[in-house]
Amino acid sequence: MKEKIYTIPIQDAFAAGCECPVCAMYQKLEENAINYTIGPGASYMEEDIREQTDGQGFCRKHFRDLYTYPNKMGLALILKTHMDKTIRELEKAAEAPLPSPNSMFKKQVKPSSPVIDYVEGLERECFVCGYIRQTFESYLRTIFYLYEREEEFRQQFAQSKGFCTSHYKDLFCLAPKYLNKKFLEPFLRELNGSYLENFKRVRDDVEWFICKNDYRYQDEPWKNARDALQRALTKTGSIIIPEEET
Ligand SMILES: [Zn+2]
Ligand SMILES: [Zn+2]
């Protein structure tokens, strides 16, 4: 298989043997994004990046990830100017006319106010999520690129452990956009088969996990069920539980 710089993250993810290679790709990308935001490259010291983090802020998950990253001074600088911006914008927004009581007939209507608009904008946006979004579709596109061009990758795809439900949908949804006529149908059939077959395999592992907690099965072997919950969470929730938490 010819290795090009942009195909390496995809090939690595498929070689990792995870319950969803797309989750493995996403996790790596997320690590890179956190690293880019607060890591040694110090992108937060650049004015244009800080302008973006000031205005967008971060989602709950990524605020937490930034806190876990060992650069508390970097986080303090990011937080201070983000808070300055929030204060400026909300002070301005609070000067607008205040919402009036809902009329009898319009109890369900959300009041309109620049305060609500600004905070809802913050809730929608996240600098790290935005960074990931930019690259993620190009990663998915590379899966289709390799599938069309490399027999070896097609085999790797066929032998993978399937996908989580959400990334199954992403691949299903994007295939008609990126695959030519020759490969679209075989890809979709293979994807359907691989998703369902492997989802059932993990479902059976969860069932055996339940059995193993019943005294009647105490002496039976664990088979593949010891880490059934972690793997089932990847399949259903698109999350990879780190080994130290298992
Ligand atoms: Zn996934
Ligand atoms: Zn985020």
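**Zinc site and pockets**

C20 and C23 are both buried. In this predicted model, these two cysteines belong to the set of residues that coordinate the zinc ion (ligand 1), a set completed by C164 and H167. Beyond the metal site, the briefing covers the largest pocket, with about 690 Å³ of space, and the second largest pocket, with about 330 Å³.

**The zinc site**

- The zinc ion (ligand 1) is held by the SG atoms of C20, C23 and C164 together with the ND1 atom of H167, at distances of 1.9 to 2.4 Å.
- Because the 4 donor atoms subtend angles of 96 to 113 degrees around the zinc ion (ligand 1), the arrangement is tetrahedral.
- Along the chain, the donors of the zinc ion (ligand 1) are spaced according to the pattern C-x2-C-x140-C-x2-H.

**The largest pocket**

- The largest pocket, whose space comes to about 690 Å³, is lined by 18 residues, and those closest to its centre are Q27, E30, K61, D65 and I240.
- Helix α2 (21-38) and α4 (60-68) each contribute at least two residues to this lining, and α2 gives the largest share, with 6 residues.
- Sorted by class, the lining of the largest pocket consists of 9 nonpolar, 4 polar and 5 charged residues.

**The second largest pocket**

- Around the second largest pocket there are 16 lining residues, among which E19, D227, Q230, R231 and I241 lie nearest the centre.
- Helix α11 (residues 228-237) supplies the largest share of the lining of the second largest pocket, namely 3 residues.
- The lining of the second largest pocket comprises 4 nonpolar, 6 polar and 6 charged residues.

Key. Residues are numbered from 1 along each chain as its sequence is written. Chains are lettered from A and ligands numbered from 1 in the order in which they are written. This is a predicted model: local features need pLDDT of at least 70, side-chain atom pairs count only at pLDDT 80 or more; totals for chains, interfaces and linings use all residues. Side-chain values use heavy atoms; hydrogens and water are left out. On a 1 Å grid over the protein atoms alone, a cavity is a set of points where a 1.4 Å probe fits but cannot get out, and a pocket is an open set with protein on both sides within 12 Å along at least five of seven lines; lining residues have an atom within 4 Å of a point. Grid points are joined across faces, edges and corners, and a volume is the space filled by probe spheres set on the points. Helices (H or I, at least four residues) and strands (E, at least two) are DSSP runs, numbered from the N terminus. Ala, Val, Leu, Ile, Met, Phe, Trp, Tyr, Cys and Pro count as nonpolar, Asp, Glu, Lys and Arg as charged, and the others, Gly among them, as polar. Donors are N, O and S atoms within 2.8 Å of the metal (3.2 Å for Na, K and Ca); water is not among the atoms, so sites may look incomplete. Four donors count as tetrahedral if all angles lie between 85 and 135 degrees; four count as square planar and six as octahedral if opposite donors are over 155 degrees apart and all others between 65 and 115; anything else is irregular. Buried means under 20% relative accessible area, exposed over 50%, partly exposed in between (1.4 Å probe, protein chains only).
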